[in-house]
Amino acid sequence: MTCQSDVALNSDVVTVESTRQHALHGQRKPPSKKQERKSQKKPPCVDHLSWEERLADVVTPLWRLSYDEQLELKQKHQERILSQLSVNLTGDLQSQSSPVRCKPGFPVLPVLPSPVRDGYRNKSTFSVNKGVDGNPKTVGFYVGTGRKGNIVCVNGDHLLNMPEKHKLVARCYQEFIRLSPLEPCLLFHTGGHWREVTVRTNAEGRTMAIVYFHPQGLTREEVAVHKADLVEYFTLGPGSACQLDSLLFQESTMTRCTHEESPYQLLYGQPHIYEEVLGYKFRISADAFFQVNPTAAEVLYSTVRHLCFPNPEAGGGGTKVGGTLLDVCCGTGAIGITMSSRVDRIIGIELIEQAVEDARHNAALNKVLNCEFISGKAEVALPGVMSQLSSAGGGGLVAAVVNPARAGLHYRVVRALRNQPAIRRLVYVSCKPDGEAMRNFRELCCAPDPEKKLTGEAFSPALAVPVDMFPHTPHCEVVLLFER
């Protein structure tokens, strides 16, 4: 999976603003880490801003900039991060004190823009809490922090990255819970039932809504009454304006539950929606990961495909190259399936079992026969896969693509990739290269270290391609090619 970059924290706004000023004007000396930490502790005064502006500054901090200015800002930010990687690998102590002035030791291409800039999200999760007027049944996004006890829930109707259908479902859900005799669940220990709602859509306008509910002490029969009310509201009542194709319900006593821990209950419609990317069709379940910007996902996957197995001839992406692709953290199988025509074999590994089921279904749906998907932790499954490839004689080129969450790869996954000599190219897709991913980069590229069991030949960063998946936010995916 990849990170979804749903909401930027308040502290990010300060950093983004200071970075924006430096990137656009280039006149001032860049702030030190100490100064940045200080500025984050003292956020700028926002009393003069409307609640809509405050929320936009939290969720979409770059909304005031033109798109060209956003790309310029992101380009400089990615170059600064990747300069730090070069410094870490060279061990240049003088450069470590001021990595901002260094340049990456490998090419960084210009940020590839998102084909769609507004309303691009295909998934949004709306929270429930006290609104500006104090109504606890307000559906939207948070301004403020729980630590300071100043959370206010603000409707997201004005946000640039949200499609209109998502906003409509959120408004209708707010109306429904305000009509309901049940209280919202703001804090688990204080009671209440109605929690957030997630909306998923596709390019055709198909819409899935997932309502999260805390049962507290209600009996099954009592919960069933409120589920029936929910269905009636969205199918026959005012909520029918949303034209939902799927309505799902999850009872949960925890903040986040997987389908295995607490199964999603289909209350109405179809259990899945489908999305098309690069000519392939993908089934999306309630909790399956899928890139939140589908048009930019085509740019991302095309980039990954080219870097894993460069096409020796000019032309389309279907030219056969051969070899094996290891797709680690494969989600619903999108990267592997979109590359299936180029390679002999694809092996995908994914933790979420429902996503693996989707991946297998997607392969069959697209009549792709050279894909195998394994359910489990990558650090557990990968060594066995590597052994299997070695014993099979390593027929042809082996490339790997990893697309982990923000926490990066487990060190045993890095070790297994590093110590498999057949892997000559590794493509790392990261939504936060300055986080835990940087540790992965160092472990892939450092000198052999027997103590850490990193005995394989080191990789070297060869190329970086930033892809803007999240217009109006400071976030950006970066695709890094490592070779040896």
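This is a short walk through one predicted model, from its open sheet to a few single residues.

Let's start with the sheet. Seven strands make it up, and the sheet is open. The order reads E3-E2-E1-E4-E5-E6-E7. The pairing is mixed. At the edges stand E3, residues 152–154, and E7, residues 265–269. Each has a single partner strand, so one side of each has no neighbour in the sheet. On average, neighbouring strands here are turned by 35° against each other, ignoring direction.

Now one pair inside that sheet. E5 covers residues 207–213, and E6 covers 246–251. These two run parallel, paired over 6 bridges. Want a residue to click on? Take Tyr-212: its bridge partner in E6 is Gln-250.

Next, the helices on the sheet. Helix H6 spans residues 164–179. It lies across E1, E2, E4 and E5. Its angle to E4 is about 155°. Helix H3, residues 51–59, lies across E2 and E3. H3 runs at about 65° to E2.

Stay with H3 for a moment. Asp-57 sits in this helix. Is Asp-57 buried or exposed? The cut-off for buried is under 20% relative accessible area. Asp-57 comes in at 10%, so it counts as buried. What does its side chain touch? There is a polar contact with the side chain of Trp-63, at 2.8 Å.

Back to the edge strand E3. Val-152 belongs to it. E3 has one side without a neighbour in the sheet, and yet Val-152 is buried, at 13% relative accessible area. Which residues does Val-152 contact, beyond its neighbours within four places in sequence? The list is Trp-51, Lys-130, Gly-131, Val-132, Phe-141, Tyr-142 and Val-143. Trp-51 falls at the start of the H3 range, 51–59. Phe-141, Tyr-142 and Val-143 fall in the E2 range, 138–143. One distance for your notes: the C-alpha atoms of Val-152 and Thr-138 are 9.2 Å apart. Along the chain, those two are 14 residues apart.

Last stop, a strand pair further along the chain. E15 runs from 460 to 467. How many of its 8 residues are buried? The count is 6, so E15 is mostly covered. Its partner is E16, residues 477–483. This pair is antiparallel, over 7 bridges. Ser-460 stands opposite Glu-483 in E16.

One general reminder on pairing. Strands in a sheet pair through backbone hydrogen bonds, parallel or antiparallel. We have seen one of each: E5 with E6 is parallel, and E15 with E16 is antiparallel.

How values were computed: Residues are numbered from 1 along each chain as its sequence is written. This is a predicted model: local features need pLDDT of at least 70, side-chain atom pairs count only at pLDDT 80 or more; totals for chains, interfaces and linings use all residues. Side-chain values use heavy atoms; hydrogens and water are left out. Buried means under 20% relative accessible area, exposed over 50%, partly exposed in between (1.4 Å probe, protein chains only). Helices (H or I, at least four residues) and strands (E, at least two) are DSSP runs, numbered from the N terminus. Two strands pair if DSSP finds at least two bridges between them. Axes are lines fitted to C-alpha atoms, for helices over the stretch in contact, and angles run from 0 to 180 degrees between N-to-C directions. Contact means heavy atoms within 4.5 Å. A polar contact is a pair of N or O atoms within 3.5 Å; within protein, one must be able to donate a hydrogen and the other to accept it, and residues adjacent in sequence count only if both atoms are side-chain atoms.
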